[in-house]
Amino acid sequence: MIFGKMRQRMKVIVIIVSVAFVGTLLYAGGVSLFSGRGSTVNAASVATVNGTNISYADFYQAYYSIVQQQEMYGQPITGQMVGQVQYYALDQLVNQALLIQAAENAKIKVEERLVNERYQVIQDNYPSKAMFEEDLKNSGLTPKELKTLLRNNMKIEKLQEGLIEGLQVSDEELRSAYEEVNARHILVRPEGDGEDAQKNALEQAEQLVQELVGGAEFATVAREHSADTGSKDNGGDLGWFGRGQMVEPFENAAFVAEVGEIVGPVESQFGYHIIQVMDRKKATGEEFEEAKAELRDKLLGDKRRDKLTGWFSELKETAVIEIRDPAMLGYKLMLEGSWQEAADAFQAAILVNDTDPYLHSSLAQAYQQLDEADLALEQYELAAEKAGTDAELWLAVGMMHHERDNKEKAVAAYRQASDAAPMNLLLHLQLMNIYEQLGEEDLAKVEEGKVVAIKDAYEERQRALDDLQREQEQKEAAENTEASAGEEEPGAEAETAPSAEESAVSDETTTADPNESSE
């Protein structure tokens, strides 16, 4: 009960300070109440979107809201995840700014009455107005700012509704989506490149078709000749599939084939297919009629999502987006695979903030991709020393020295990793195996001892939880027994006490005329 109330309240907190996940926002018109406070002045900003600044205040608020959500679900953000999550938060703010700008450019208006109604819905989720205002204040928002964010998001929703207005699903699309076939195939893959390999594969496929038409068992031929390792052992069976699940040439052939017909060879990028359709589900009959409504809703939802996703992709591609923060620029470039540019960005970020260990580890990752192993090791060592107790960083240092056969330094780093995470079972198992490979039997036994200690601690904790649960169950059982006994007592009294009628008879007997008795 308590946890249910906490989750309910946390949900509202997350609504107030959440960062938009654009995939959800575009698909469902979801609520995102962050940002919208950008300015066009030349103040310090983490990024600009078509000339509008994204402030560091909004950026850090977005990041900490994600941290809050992850902690709520028992998945705290630590170590090298920090920079990546920060860039994710920034990217969502960029997306949000683009959506708000699009709504403003379209001159979308929202009635103030509707804004107030949505504001009230959020407030009503709290036990009291005072608690709502307290959380609002802790989120760094005033009521006026929250209404501004609500208004922006309602504009976005209205814009999206206009974009998907008029989309429909035709009967032909319904039939096409409903139909499925159950088929099996034999794949003949060319051995090597060039025209000769293609020719030989085609000739082999044609020969197999002749054998099948002549009466050969399809499953046997598939097991002996098919190059599709995923289906050959099952006689080439692919099971049921609908449109859009197979490569186009294969799909086109399968959906026009008659049941039992041998079709092929059909060429695709994988080679030559020989196909036999075993069964077909047609878009007719009562079953199809019953499925139409749900299927139509699904297809319409897909159409809407595709429409909005395509629209937003074009919107973002044509926008002028400048990432001003060098660290965030580095993470963006890493995602794009621009490793040298990412390394340059992280170097610039380190000049501004040399104390952040994860800037050094990110630079190390870029160097690894650039095959600059010595520079990568140097940055990992700096990162591990600056972080102090990050086991992952010390493990990375140890493994890099290990690869260089520098056993002494590798062991020193591994020991640092072990000390940094005393209750990390997987880490100690990994270190135990590493020490065994290095021939460090004493250190391997130390790690084995830590593994046993962790397992014992987990088992003891589980026993304590089990005992606590049993005590709670016994207490509840005792309370239920007492409650049941309390409910039965009035009934027992009713059974032993004389009824009104019995009392009346008794009174009549005791007051009867003695003369009647003597007579």
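Two strands are taken to pair where DSSP finds at least two bridges between them, and in this predicted model strands β1 and β2 meet that condition with 4 bridges in the antiparallel sense. Within this pairing, Val49 stands opposite Thr52 of β2. The two strands form a hairpin in which 2 residues lie between them, and Asn50, in the turn, has a positive phi of about 50°.

On the β7 side, strand β1, which spans residues 45-49, is joined to its antiparallel partner by 3 bridges. Val49 has Ile321 as its bridge partner in β7, while Ala47 is bridged to Ile323 of that strand. Val49 is thus named in both pairings, opposite Thr52 in β2 and as the bridge partner of Ile321 in β7. The resulting open sheet contains 3 strands in the order β2-β1-β7, with antiparallel pairing. Because β2 (52-55) and β7 (321-323) each have a single partner strand, they stand at the edges, and one side of each is left without a neighbour in the sheet. From one strand to the next, the twist averages 20°. Strand β1 is mostly covered, 5 of its 5 residues being buried.

Across the protein chain as a whole, the secondary structure comprises 22 helices and 7 strands. Of the 519 residues in the chain, 37% are buried, and the chain exposes about 30,500 Å², of which 49% is supplied by carbon and sulfur atoms. When contacts between residues at least 6 apart in sequence are considered, 63% of them join residues at least 24 apart.

The largest nonpolar core holds 65 residues, among which Leu90, Met328, Tyr414 and Tyr435 touch the most other members. Helix α4 (residues 81-105) contributes the largest share of this core, with 10 residues. In soluble globular proteins, nonpolar side chains tend to be buried together. The surroundings of Tyr414, when neighbours within four places in sequence are left aside, consist of contacts with Leu395, Gly398, Met399, His402, Leu431, Ile434, Tyr435 and Leu438. Tyr435, one of these contacts, is also among the core residues that touch the most other members.

Ser418 lies in helix α18, which covers residues 407-420. With a relative accessible area of 2%, Ser418 falls under the 20% cut-off and is therefore buried. Beyond residues up to four places away in sequence, Ser418 touches Leu427, His428, Leu431, Glu447 and Lys450. Leu431 is thus listed both among the contacts of Ser418 and among those of Tyr414.

Confidence in the prediction varies along the chain, with an average pLDDT of 85 and 85% of the residues scoring at least 70. Over residues 1-42 the pLDDT stays under 50, although the model has 105 contacts beyond four places in sequence for this stretch. Residues 491-519 likewise have a pLDDT that stays under 50, and for them the model has 1 contact beyond four places in sequence. Where pLDDT is low, the predicted coordinates should not be read in detail.

Technical notes. Residues numbered from 1 in each chain as written. Predicted model: local features only at pLDDT ≥ 70, side-chain atom pairs only at ≥ 80, totals over all residues. Heavy atoms only, no water. Core = buried A, V, L, I, M, F, W, Y, C linked by side-chain atoms within 4.5 Å. Buried < 20%, exposed > 50% of the residue type's maximum accessible area, 1.4 Å probe, protein only. Contact = heavy atoms within 4.5 Å. pLDDT = per-residue confidence, 0-100. Axes fitted to C-alpha atoms, helices over the stretch in contact; angles between N-to-C directions. Areas by Shrake-Rupley, 256 points an atom, 1.4 Å probe, with all protein chains shown as cover.
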